[in-house]
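Colleague: Before I accept any label on a model, I want the rule behind it. Can we go through them one by one?

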Amino acid sequence: MMGRSFRESGKLQMGPPGMILVVIDAMRPDALSDRTTPNLCRLMDHGAWTLKAQTVFPSLTLPVHFSIFTSVPPSRHGVLNNCDRPQPAGDTVSLLDVLARHGKYSSAFYNWENLRALGKPGSLRYCLFSSPEGDPDSDYRMAASAASFIRRRHPDFCFLYLGTVDLVAHSHGFMSPAYMKQLEKADAAVGYLVRTLSESGLDQRYNLLVQSDHGGRGHDHEASHPEVLTIPWICRGPSIREDCPIEGPVSVLDTAPTICRLMELAQEDPPWEGRPLQQIFEKHKTKTAWTMERAM
Ligand SMILES: [Zn+2]
């Protein structure tokens, strides 16, 4: 596996690529722009992306995250609200469980504690929670922690959750000046992570997927409305086609199967409803460094 030989040698050896999944909570696609989110726009320029991916209903943070990781809708995994002790249905299989079965080293960094149980106990080898309370730069700190960990330990999989945009959306409203300012901070956090990967040569080892869990309107995201259900889905890395607008429907249920395909895991048959997004894969891509020349 990539992880063991890579970590033990400390050299950039070839092997199955690692994966970084970033969720920016409550990021609406129409909030993305060169001015507000230059780093995400840069990822789109050099990756595969859609601004029309669809999330599930109820579009609440914890149910959606279970759908991202178990590739089934809330009606199947059974987590229907933001409870602090979720009990998903017994026949659901989390991406984290699949990775653990393959001996992968998975890690998670999040500033909302309810996300601690997205896989079975033992599926995560490292996790870090830090409360965002009173810290408008919490996302940046989470990204910096994740970037440092990735640089030092080279996990096979890293989940980074940035939750402050959602907090500001609830207090100030979606698309408000405060919301846009907080999204700018989340974008800078992603920029820091990307810059760290690039400067350490790890941009050739990791594919990166940045998405949201839901959009929103007014001060919440509870209605079944296109502004709530439509999210960005942006992927870049050595296995990904460049300048590739994704055609056709994309669902949050497709995230876990696509990650398994990107990590070149042997086929198994988890009871998932999503499918890998075949059109984004680039088998013989000429690898280029991740230049991020736009201002952070
Ligand atoms: Zn959310």
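What follows is an exchange about the terms used for this predicted model.

Colleague: What kind of model is this, and how are residues numbered?

Modeller: It is a predicted model: local features need pLDDT of at least 70, side-chain atom pairs count only at pLDDT 80 or more, and totals for chains, interfaces and linings use all residues. Residues are numbered from 1 along each chain as its sequence is written.

Colleague: How many helices and strands does the protein chain have, and what counts as one?

Modeller: There are 10 helices and eight strands. Both are DSSP runs, numbered from the N terminus: helices are H or I with at least four residues, strands are E with at least two.

Colleague: Why is the protein chain called as compact as a globular protein of that length?

Modeller: Its radius of gyration, taken over C-alpha atoms, is 17 Å. The globule rule is 2.2 Å times the number of residues to the power 0.38. For 296 residues that rule gives 19 Å, and 17 Å is close to it, so the description holds. The C-alpha atoms fill a box of roughly 50 × 45 × 40 Å along the principal axes.

Colleague: What makes a residue buried, and what percentage of the protein chain is?

Modeller: Buried means that 20 or more other C-beta atoms lie within 10 Å of the residue's own; 12 or fewer is exposed, in between is partly exposed, and C-beta atoms are placed from the backbone. Buried residues make up 51% of the 296.

Colleague: Why is β3 said to be largely enclosed?

Modeller: Strand β3 covers residues 106–110, and five of the five are buried, so the rest of the structure largely encloses it. Both faces are covered. Ser-106, Ala-108 and Tyr-110 lie on one side, Ser-107 and Phe-109 on the other.

Colleague: What makes you call helix α10 mostly covered?

Modeller: Six of the eight residues in α10 (255–262) are buried. They are Thr-255, Ala-256, Thr-258, Ile-259, Cys-260 and Leu-262. Their cover includes β1 (18–24), α3 (61–70), α5 (95–101) and β6 (206–211). Just after α10, Glu-264 takes a positive phi of about 55°.

Colleague: How do you know which strands pair, and what is their order in the sheet?

Modeller: Two strands pair if DSSP finds at least two bridges between them. The open sheet of eight strands runs β4-β3-β5-β1-β6-β7-β2-β8, with mixed pairing.

Colleague: Why are β4 and β8 called edge strands?

Modeller: Each pairs on one side only: β4 is 126–129 and β8 is 244–245. The partner of β4 is β3, parallel over four bridges, with Ser-107 bridged to Tyr-126. The partner of β8 is β2, parallel with two bridges. There, Ala-48 stands opposite Cys-244.

Colleague: What makes the pairing mixed?

Modeller: Strands pair through backbone hydrogen bonds, either parallel or antiparallel. β3 and β5 pair in the parallel sense over five bridges, and Ala-108 is partnered by Phe-159. β1 and β5 (157–162) run parallel and share six bridges; Ile-20 stands opposite Cys-158. β2 and β7, by contrast, are antiparallel over five bridges. In that pair, Gln-54 faces Thr-230.

Colleague: Why are α7 and α8 called roughly antiparallel, and α2 and α8 oblique?

Modeller: Axes are lines fitted to C-alpha atoms, for helices over the stretch in contact, and angles run from 0 to 180 degrees between N-to-C directions. Under 35 degrees is roughly parallel, over 145 roughly antiparallel, 65 to 115 roughly perpendicular, and the rest oblique. α7 (164–172) and α8 pack at about 175°, axes 9 Å apart. They are therefore roughly antiparallel. α2 (38–45) and α8 (177–199) make about 55°, axes 7 Å apart. That pair is therefore oblique.

Colleague: What residues make the contact of α2 with α8, and how do they divide by class?

Modeller: Contact means C-beta atoms, placed from the backbone, within 7 Å. Pro-38, Asn-39 and Leu-40 of α2 meet Asp-187, Ala-188, Val-190, Gly-191 and Val-194 of α8. That gives five nonpolar, two polar and one charged. Nonpolar covers Ala, Val, Leu, Ile, Met, Phe, Trp, Tyr, Cys and Pro; charged covers Asp, Glu, Lys and Arg; the others, Gly among them, are polar.

Notes. Two residues are in contact if their C-beta atoms, placed from the backbone, lie within 7 Å.
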